[in-house]
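Q: Please take a close look at the largest nonpolar core. I should like a connected account that a first-year student can follow.

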Amino acid sequence: MKEISFYPLRNSYTFWSPLVLTLLSESLSNGTLSLQFYTINTQGESIPMAQTVKGQKEPPQKQYRPGQRQQERMQRQARRKRRQRIWGASIAASVLIILSVVGILEYQRYTADRAAAQLASTNATATKIASIHATATAEQIASCLTALKTTPTPTAGPAKPPTLSGTPVTLPDGLQYIDVQVGCGPAAKSGSNVSVQYTGWIQKTGKKFDSSWDHSAQAFTLVLGQGKVIKGFDEGLDGMKRGGSRRIIIPASLAYGATGSPPTIPPNSVLIFDVTMSSVQ
């Protein structure tokens with residue numbers, strides 16, 4: 001049987017009556033006999049005595065100070081409100097970010113659509129203006145060509161270079177040219193596809209060495225700037241317009257040079273070409 005100790009409560013102002021022993025029922029769980037003691041004071045109230053059973057301890061009871069429960073409840077409410085404020089601010093910030101991103105995307109789409117519309121309008125206007133300009137240009141070129149001085153189409157190139165008046169234009173590399181008649185429309189330049197009628201002579205002897213008129217007036221076609229012909233001939237066509245006529249005087253350095261082109265062209269020969277521009281593209 002376990003040892004049981006009794007600790008009677010003491011009070012200097014109360015006279016305690018003899019102890020009353022109450023035998024409690026034996027616990028079915030572990031067979032421990034439990035005793036409960038009461039003291040009777042002079043007023044007839046029963047007060048339980050403190051008791052301990054050796055080997056067993058009562059669980060500690062949480063002690064509360066006056067107002068502690070209310071203070072803890074207020075702290076819990078404050079923490080709850082603080083969490084609610086944090087969540088509310090987080091949700092508001094997320095919504096603001098989403099709205100900002102959507103606004104930026106919509107503004108970019110609106111800007112792109114507006115730019116595309118402006119570009120389409122500009123292109124349509126440019127196309128319309130180009131069409132009007134092309135029509136006017138075609139009419140102007142036709143009128144210009146009609147006003148040009150024309151001669152009967154020769155059946156062969158002249159045997160000798162015709163006499164011309166006028167001061168030739170001399171370029172830095174020694175090339176010379178005289179515009180007999182300025183043509184109409186756009187001027188030929190590097191990359192232009194041109195068709196020409198020509199006759200060539202050796203300046204020193206005046207001998208004709210070639211002519212497109214001698215080949216059934218079949219125009220010679222070339223693309224300027226590709227080096228398919230002698231340099232002086234390519235350079236001499238630059239700036240000519242459709243229907244225009246030009247005499248080109250090519251020094252040997254821009255023609256066949258010191259070797260010439262035997263047996264037709266002797267070495268160091270200066271060449272003369274009379275050229276008529278048939279078309280410029």
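A: Among contacts in the protein chain between residues at least 6 apart in sequence, 64% join residues at least 24 apart; a contact here means heavy atoms within 4.5 Å. The model is predicted, so local features need a pLDDT of at least 70 and side-chain atom pairs count only at pLDDT 80 or more, while totals for chains, interfaces and linings use all residues. Residues are numbered from 1 along each chain as its sequence is written, and side-chain values use heavy atoms, with hydrogens and water left out.

The chain contains two helices and twelve strands. These elements are DSSP runs numbered from the N terminus, a helix being H or I over at least four residues and a strand E over at least two. Their order from the N terminus is β-β-β-β-β-α-β-β-β-β-β-α-β-β. Of the 281 residues in the chain, 22% are buried. Buried means under 20% relative accessible area, exposed means over 50%, and partly exposed lies in between, with a 1.4 Å probe and protein chains only.

The core itself can now be described. A nonpolar core is a set of buried Ala, Val, Leu, Ile, Met, Phe, Trp, Tyr and Cys residues joined through side-chain atoms within 4.5 Å. The largest one has 22 residues, and those with the most contacts inside it are Val-194, Phe-233, Leu-237, Ile-250, Phe-273 and Val-275. Strands β8 (193–202), β11 (245–250) and β12 (271–280) each supply at least two of its residues. The largest share, five residues, comes from β12. In soluble globular proteins, nonpolar side chains tend to be buried together.

Val-275 shows how such a residue is surrounded. Leaving aside neighbours within four places in sequence, Val-275 is in contact with ten residues that can be listed in full: Val-196, Gln-197, Tyr-198, Phe-233, Leu-237, Met-240, Gly-244, Ser-245, Arg-246 and Ile-248.

One of these partners, Arg-246, also takes part in a charged pair: Asp-179 forms a salt bridge with Arg-246, with the closest N and O atoms 2.7 Å apart. A salt bridge is a side-chain nitrogen of Lys or Arg within 4 Å of a carboxyl oxygen of Asp or Glu. Because Asp-179 lies in strand β7 (residues 176–181) and Arg-246 in strand β11, the pair ties together parts that are 67 residues apart in sequence. Arg-246 is buried, at 4% relative accessible area, whereas Asp-179 is partly exposed, at 38%.

A second pair involves two of the core-supplying strands. The side chains of Arg-247 and Asp-274 meet in a salt bridge of 2.7 Å, N to O. Arg-247 belongs to strand β11 and Asp-274 to strand β12, so this pair joins parts that are 27 residues apart in sequence. Arg-247 counts as buried, with 9% relative accessibility. Side chains of opposite charge can pair when their charged atoms come close. A search of the whole structure finds five salt bridges.

The strands β8, β11 and β12 appear once more in a pocket. On a 1 Å grid over the protein atoms alone, a pocket is an open set of points where a 1.4 Å probe fits, with protein on both sides within 12 Å along at least five of seven lines; lining residues have an atom within 4 Å of a point. Grid points are joined across faces, edges and corners, and the volume is the space filled by probe spheres set on the points. The largest pocket holds about 830 Å³ of space. It is lined by 28 residues, of which Lys-149, Thr-151, Trp-213, Ser-245 and Thr-276 are the closest to its centre. Strands β7, β8, β11 and β12 each supply at least two residues of this lining, and β12 gives the most, with five.

Finally, the loop between β11 and β12 deserves attention. Pro-263 has its place there, and the peptide bond from Pro-262 to Pro-263 is cis, with omega near 0°. Asn-268 lies in the loop between β11 and β12 as well; although not a glycine, Asn-268 has a positive phi of about 55°. Asn-268 counts as exposed, at 54% relative accessibility. Most residues other than glycine have a negative phi, and most peptide bonds are trans.
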